[in-house]
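Here is a friendly walk through one protein model, with the sequence and the structure for you to follow along. Keep the viewer open as you read.

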Amino acid sequence: MTMPRTLYLFCSAAPPVFDVAGVIEAAQADGWDVCLGLTPTAARWLDGSLDGLAALTGHPVRFDYQLPGQPDVWPEADLILFAPATFHSVNAWALGLTNSFVVGVVAEGIGKGIPMVAMPCVNAAYVRHPAFERSVETLREAGVTVLYGDEDGFVPNRPGEGRPEGYPWHLALTAAARVLKT
């Protein structure tokens, strides 16, 4: 019997987060045991769904650090997928600013050598800020697979255009499976 691979699915507060239940189901269909982590704002956005998402994954949804002495309630990650990753989350991660649970885990994950895939969800105005491209490059240099750009994955839309239905979740799940096989 094959043990399921454990996927930490981390999400920031961007419109594609509302599709996370379907993403969890797709990942589970591909053999992943999914643990869902959210930024505090994403947790607020999904507040009415948190119990259902915990039932779907079989694990508590986490959005805050555990207290000292509390046991870890999740199995160890085989891979972390951070999508959608907002402008703030990408920059905080690259700078090592760990004020949120999910950014803390991925920042530490670089040092632990956990395979990671990230797919931003930002508009074209944000990517013009000089910090964003530097952050993407920093994460790539640290070994994170960042799905961003015409050839790699997410392509920013114009400010206010908001196309959550066009977010390429399938590319993120495909990349996660590919990264784990390498």
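What follows is a short report on a helix, some charged pairs, some aromatic rings and a few single residues.

Please keep in mind that this is a predicted model.

## Helix α5 and its surroundings

Let us begin with helix α5, which covers residues 101-112. How far apart should the ends of its twelve residues be? At 1.5 Å a residue, the expected span is 16 Å, and the end C-alpha atoms are indeed 16 Å apart, so the two values agree.

Which residues of α5 are buried? They are Phe101, Val102, Val103, Gly104, Val105, Val106 and Gly109. Several elements take part in covering these buried residues, including the strands β1 (5-11), β2 (32-38), β3 (79-85) and β4 (116-120), together with helix α4 (87-95). If you colour those elements in your viewer, you can see what surrounds the buried residues of α5.

Just after α5 comes Gly113, and its phi angle is positive, near 75°.

## Charged pairs

Side chains of opposite charge can pair when their charged atoms come close. How many salt bridges does the structure hold? There are two, and the table sets them out.

| Salt bridge | Closest N to O distance | Relative accessible area |
|---|---|---|
| Arg62 and Asp72 | 3.4 Å | Arg62 10%, Asp72 48% |
| Lys112 and Glu108 | 3.9 Å | Lys112 58%, Glu108 47% |

In the bridge between Arg62 and Asp72, the partners are ten residues apart, and each is in the loop between α3 (50-57) and β3. With a relative accessible area of 10%, Arg62 is buried, whereas Asp72 is partly exposed at 48%. Burial here means under 20% relative accessible area, so the value of 10% places Arg62 in that class.

The other bridge joins the side chains of Lys112 and Glu108. Both residues belong to helix α5, and because they are four residues apart there, about one helical turn separates them. Lys112 counts as exposed at 58% relative accessibility, while Glu108 counts as partly exposed at 47%.

Arg62 also has a ring for company: its charged end sits over the ring of Trp74, 5.5 Å from the ring centre. A further arrangement of this kind involves Arg5, whose charged end lies over the ring of Trp32 at 4.1 Å from the centre.

## Aromatic rings

How many aromatic pairs does a search of the whole structure find? The search gives 14. Among them is the pair of Tyr167 and Trp169, which is edge-to-face, with 5.1 Å from centre to centre and 75° between the planes. Tyr167 is buried, its relative accessible area being 5%, and Trp169 is buried as well, at 9%.

One aromatic cluster is made up of Tyr8, Phe10, Tyr65, Trp74, Phe82, Trp93 and Phe101. Two of these names may sound familiar: Trp74 is the residue whose ring lies under the charged end of Arg62, and Phe101 is one of the buried residues of α5.

## Single residues worth a look

Ser135 is in helix α7 (residues 130-141). Is Ser135 buried or exposed? At 6% relative accessibility, it counts as buried. Its side chain makes a polar contact with the side chain of Asn91, at 2.6 Å. Leaving aside residues up to four places away in sequence, Ser135 touches Val90, Asn91 and Ala94.

Ala21 is part of helix α1 (residues 20-29) and counts as partly exposed, at 31% relative accessibility. Along the chain, Ala21 and Leu53 are 32 residues apart, yet their C-alpha atoms are separated by 6.7 Å. Apart from residues up to four places away in sequence, Ala21 touches Leu53 and Leu56.

Gln70 lies in the loop between α3 and β3 and is partly exposed, with 39% relative accessibility. From Gln70 to Ile24 it is 46 residues in sequence and 26 Å in space, C-alpha to C-alpha.

Finally, look at Pro84 in strand β3. A cis peptide bond joins Ala83 to Pro84, with omega at about -10°.

How values were computed:
Residues are numbered from 1 along each chain as its sequence is written. This is a predicted model: local features need pLDDT of at least 70, side-chain atom pairs count only at pLDDT 80 or more; totals for chains, interfaces and linings use all residues. Side-chain values use heavy atoms; hydrogens and water are left out. Helices (H or I, at least four residues) and strands (E, at least two) are DSSP runs, numbered from the N terminus. The expected span of a helix is 1.5 Å times one less than its number of residues. Buried means under 20% relative accessible area, exposed over 50%, partly exposed in between (1.4 Å probe, protein chains only). Contact means heavy atoms within 4.5 Å. A salt bridge is a side-chain nitrogen of Lys or Arg within 4 Å of a carboxyl oxygen of Asp or Glu. A polar contact is a pair of N or O atoms within 3.5 Å; within protein, one must be able to donate a hydrogen and the other to accept it, and residues adjacent in sequence count only if both atoms are side-chain atoms. Rings of Phe, Tyr and Trp (its six-membered ring) pair if their centres lie within 6.5 Å; planes under 30 degrees apart count as stacked, over 60 as edge-to-face and the rest as tilted. A charge sits over a ring if NZ of Lys or CZ of Arg is within 6 Å of the ring centre and within 35 degrees of the ring normal.
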